[in-house]
Amino acid sequence: MIRRPPRSTPSNSSAASDVYKRQQTDRHTLEALLASTPLPKMTAIGVDEISFESYHRYFTIVYDLLEGSGVLYAGKGRTTETLNEFFEQLSQKQRESIKVVCMDMWEPYIRSVRENLPDADIVFDRFHLKKHLNQCLDQLRRYVVSHAPKDQKRFIKNKRWVLLKNQSHHTQKDKKALQQLKEINSPLYDAYLVKEHFDQLFDCQDEQSARNFLHRWYQEIPKTIRQHFESFYQMVQRYLYGILTFFKYRITNAIAEGINNKIKVIKRMAYGYRDPEYFKLKILRRCGYLKNIQPVF
């Protein structure tokens, strides 16, 4: 048998070198663009985090909430020092122009805002608040599954998304599943109603009515399941100052979901960025305040 010699293939090293050169040129262009572009006007900002790599490595993202500028800053980590880095770029006048910051109840971010913007109000984002409430409901679901009869375990276990989904988004199939759950395990169904009832908080007209609502909401939780919501209610009391500020500004970090999705697309297009600094530049260019700026150099 005569073996044919393997077909020759072009060297991958040349292609890799070309890609590297293009990336370096792009990076230098973005660095020059960043250095020559001042931060835009900002009066209300949002602070969020996005996963950058595995093992719980994050980027802190700061974005504009009112002026449409998009991402203002991206920094590796989610510490007080990470957010301080953003504020250190600002002049005293720029800091004073920021009246409100919307974010999660994350102490390192709170410390940074308190240190750098002592006169700004903090609003704790309603969607992050609801996320913490959903975690309580899901913990209760897991507890119920672990103690349920064998013939009920699978049914209850598979109802996680039905329970966490907002009632307004339920399909007929979801509604039927909830009715079955009510018949099989009424405490878990009651917990779902508690979660849904909490949404009415954001319909309150002012801070005082919101205070009254929260007190009634907790008192009306059935005693059989109240212990599972105790940690959430204690958290609400601890951070009440930033929850009630919502009724002064009525802003949320809803814009963050769209921005985070765009950032994930950027990361996928490059199969993940090994260079965090280059990744930050790409974020600011694609979905930040550099997106509409044309280089003049």
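These legends accompany an overview and several close-up views of a predicted model.

Residues are numbered from 1 along each chain as its sequence is written. Because the model is predicted, local features need pLDDT of at least 70 and side-chain atom pairs count only at pLDDT 80 or more, while totals for chains, interfaces and linings use all residues, and side-chain values use heavy atoms, with hydrogens and water left out.

**Figure 1. Overview of the protein, with 15 helices and five strands.** Helices (H or I, at least four residues) and strands (E, at least two) are DSSP runs, numbered from the N terminus. The protein has 297 residues, and 45% of them count as buried. Buried means under 20% relative accessible area, exposed over 50%, and partly exposed in between (1.4 Å probe, protein chains only). The protein exposes about 17500 Å², of which carbon and sulfur atoms supply 50%. Accessible areas come from the Shrake-Rupley method with a 1.4 Å probe; for residues, only the protein chains shown count as cover. Take the contacts between residues at least 6 apart in sequence: 61% of these join residues at least 24 apart. Contact means heavy atoms within 4.5 Å.

**Figure 2. Salt bridge between R238 and E107.** Side chains of opposite charge can pair when their charged atoms come close. A salt bridge is a side-chain nitrogen of Lys or Arg within 4 Å of a carboxyl oxygen of Asp or Glu. The structure holds twelve of them. In the pair shown, the closest N and O atoms of R238 and E107 are 3.2 Å apart. R238 belongs to helix α11 (residues 230–238) and E107 to helix α4 (residues 107–116), so the bridge ties together parts that are 131 residues apart in sequence. R238 is exposed, at 55% relative accessibility. E107 is partly exposed, at 25%.

**Figure 3. Salt bridge between D138 and R142 in helix α5.** The N to O distance is 2.9 Å. Helix α5 spans residues 126–147; D138 and R142 are four residues apart in it, so about one helical turn separates them. D138 is buried, with a relative accessible area of 6%. R142 is partly exposed, with 44%.

**Figure 4. Salt bridge between D174 and K165, and a salt-bridge network.** The side chains of D174 and K165 meet at 2.7 Å, N to O. D174 counts as buried, at 10% relative accessibility. K165 is partly exposed, with a relative accessible area of 27%. Elsewhere, D138, R141, R142 and R160 are joined into one network by salt bridges that share partners.

**Figure 5. Surroundings of E196 in helix α9.** Helix α9 covers residues 186–198. E196 is buried, with a relative accessible area of 12%. Setting aside neighbours within four places in sequence, E196 is in contact with K165, N166 and Q167. K165 also takes part in the salt bridge with D174.

**Figure 6. Strands β4 and β5.** Strand β4 (residues 100–103) sends V100 and C102 one way, and V101 and M103 the other way. All four side chains are buried. β4 pairs with strand β5 (residues 121–124) in the parallel sense, over four bridges. Two strands pair if DSSP finds at least two bridges between them. C102 stands opposite V123 in β5. From β4 the chain crosses through α4 to β5, and this β-α-β crossover is right-handed. That term applies if, with the strands pointing away from the viewer, the path from the first strand over the helix to the second runs clockwise.

**Figure 7. Cysteines C204 and C287.** C204 is buried, at 11% relative accessibility. C287 is buried too, at 5%. The structure holds zero disulfides. A disulfide is a pair of cysteine sulfur atoms within 2.5 Å.

**Figure 8. R250 in the loop between α13 and α14.** Helix α13 covers 246–249 and helix α14 covers 255–269. The phi of R250 is near 50°, a positive value in a residue other than glycine. R250 counts as partly exposed, at 40% relative accessibility.

**Figure 9. E277 and G75.** E277 lies in helix α15 (residues 276–287). The relative accessible area of E277 is 42%, and E277 is partly exposed. E277 and G75 are 202 residues apart in sequence. In space, they are 8.5 Å apart, C-alpha to C-alpha.
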